[in-house]
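Subject: Structure for you to look at, with notes

Dear colleague,

Here is the structure I promised to hand over, with the sequence alongside. Please have a look at it first, and then read the notes below, which go through what was found.

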Amino acid sequence: MSEKTVRIPYYPGCTMKTKALGFERSAMDCAEVIGFEMDELKDWNCCGASYPLTKDNLMGLTAPTNILIEAERRCQKEEVDPNLLTLCVFCYNTLKRTEFALGQDKKKLETINAFLDRKYEGSIRVVHYLEYLRDVIGFDNLAKMVKTDMSKYKVAPYYGCLLLKPQKEIGLDDPEDPVILHNFLDALGCKVIDFPAQVDCCGSYLVIREPEKVSKLSYDILADANEYGAETLVTACPLCQSNLDQSQGDKVQFADLDGMPILYFTQLLAVAFGLDTKTHKLEEHHIDPLPLLKAHSGADSESK
Amino acid sequence: MLINPVEKDQKHISDLELATGETISDCYQCGKCTAGCPASMDPAPSVLIQFLKLGQFELAKNAESIWSCMACLTCSERCPKNVSPAAIIEGLKNLHLRDMDPRVNLETMSRDLLAHSPQMAIISGFRKFI
């Protein structure tokens, strides 16, 4: 669509290639419409998924540093701006915090470089897809690309934790009162449902040890969104998506709540762009979002 | 209850501060961490820190509640004294894990749960519990 497509080095991470394929595919399809290409790093490893919170855990920084090195070499070779695009919130948090830690502590950087036997110079800036839309494309420009009337959609923007915290290191938005997803949904023309639980934790990795606790936390978030009138909830995090969506299979906990589809923000963007959503894995969600999309599709919507 | 600081515990506590990079004595027990904690921890984060401030290392280390922390970082973000309870809790967990004392059992874990969980949950869960 655009006369000159910008290619941005992109780090997917493990989940994006498996459980969150629909997130990646919808993001890539939307990027094409907007006019940029997510250019996947050729040789990437797992980032480790969670950033080590204690200062002594240098070993936990080696995997993300290796990814930053890969990105740095790519950017230098191709003479492009040293940005690394991410979609998964865990990857974003881990890589962004590693970027911050190595920028602050040269000694740490030297130790890790020596261990990896590779040299990271510290040039890479980790960027989330949402951040790219806000700061480079601009939500006002995004609004001009919307093809579908989205005014019927009552959408709760759900942030979770790691997209925003710790603010000092991530710096994307205010962790207590964020607006980036609100503004994104505004640009799409949706009815934005502001609800108190938007930054509450869904239970995260606790799902592998105490799934019943995750069910309870997910219920509290969804009951809150429901009370404020939301019919769907969007997120940027595959673990939030999975916890909020899969927990609804717990019929005891969710006895008094109707199923609420949990969408990735890019899946909704694809609907707003009027794209074919066949490959976006909507049918793999535990709570099927297709009836909602169907109910709201006017004559101009392509969503099946 | 009369609490007497234990000599050898003081050494463990300064080691914990070194490992986590946190200054435990900075905490002035305002309770904001506990108020915001979504994990319903008991003992709560501020209580765990108070144990450490009183030199009761074993009480903090052996508290079952440390395993319910999901590292959402609400406590760390809200602390007016720039202490990270989440980091201190992770430091305590690491002491168990480095002693080969894992908190999930791969043998008995539900295969169904593993099949449904995204990779990021499995990887970060294993890092926090094994």
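I begin with one strand pair, in which strand E1 (residues 6-11) of chain A and E2(A) run in the parallel sense and are joined by five bridges. Strands pair, in these notes, if DSSP finds at least two bridges between them, and the elements themselves are DSSP runs numbered from the N terminus, with helices (H or I) of at least four residues and strands (E) of at least two. Within this pair, Arg7(A) has Glu37(A) of E2(A) as its bridge partner.

Before going further, please keep in mind that this is a predicted model, in which local features need pLDDT of at least 70 and side-chain atom pairs count only at pLDDT 80 or more, while totals for chains, interfaces and linings use all residues. Residues are numbered from 1 along each chain as its sequence is written, and chains are lettered from A and ligands numbered from 1 in the order in which they are written.

The first sheet of chain A

The pair described above belongs to an open sheet of four strands in chain A, with the order E2-E1-E3-E4 and parallel pairing. Strand E2 (36-40) and strand E4 (125-128) of chain A have a single partner strand each and stand at the edges, so one side of each is left without a neighbour in the sheet. On average, and with direction ignored, neighbouring strands of this sheet are turned by 45 degrees against each other; the axes behind such angles are lines fitted to C-alpha atoms, for helices over the stretch in contact, and the angles run from 0 to 180 degrees between N-to-C directions. H3(A) packs on the sheet, where it touches E1, strand E3 (83-86) and E4 of chain A, and its direction makes about 155 degrees with that of E4(A). Contact between two residues requires that their C-beta atoms, placed from the backbone, lie within 7 Å.

The second sheet of chain A

Chain A also holds an open sheet of four strands in the order E6-E5-E7-E8, and the pairing is parallel. Its edge strands are strand E6 (191-192) and strand E8 (262-264) of chain A, each of which pairs on one side only. Strand E7 (residues 232-235) of chain A pairs with E8(A) in the parallel sense over three bridges, and Val234(A) stands opposite Leu263(A) in E8(A). Helix H10 (residues 238-246) of chain A packs on this sheet and touches E7 and E8 of chain A, its direction making about 165 degrees with that of E8(A).

Chain A and its two domains

Taken as a whole, chain A comes to 12 helices and eight strands. The domain assignment, which is an automatic or database one, gives domain 1 (6-129) and domain 2 (148-296) of chain A. The centres of these two domains, taken over C-alpha atoms, are separated by 25 Å, and 21 residues of domain 1 are in contact with 24 residues of domain 2. On the side of domain 1 that touches domain 2, the elements giving two or more residues are helix H1 (21-34) and helix H3 (89-104) of chain A, and H1(A) gives the most, with nine residues.

Chain B and where it meets chain A

Chain B has eight helices and zero strands, and its C-alpha trace spans about 45 × 30 × 30 Å along its principal axes. In the complex, 33 residues of chain B are in contact with 36 residues of chain A. Helices H1 (7-20), H5 (74-78), H6 (85-98), H7 (111-116) and H8 (119-129) of chain B each supply at least two residues of the side that touches chain A, and the largest share, 10 residues, comes from H8(B).

How far to trust it

The predictor gives the complex an ipTM of 0.94 and a pTM of 0.95. For pLDDT, the predictor's confidence in each residue from 0 to 100, chain A averages 95 and chain B has a mean of 93, and in each chain 97% of the residues reach at least 70. Over residues 299-304 of chain A, however, pLDDT stays under 50. Where pLDDT is low, the predicted coordinates should not be read in detail.

With best wishes
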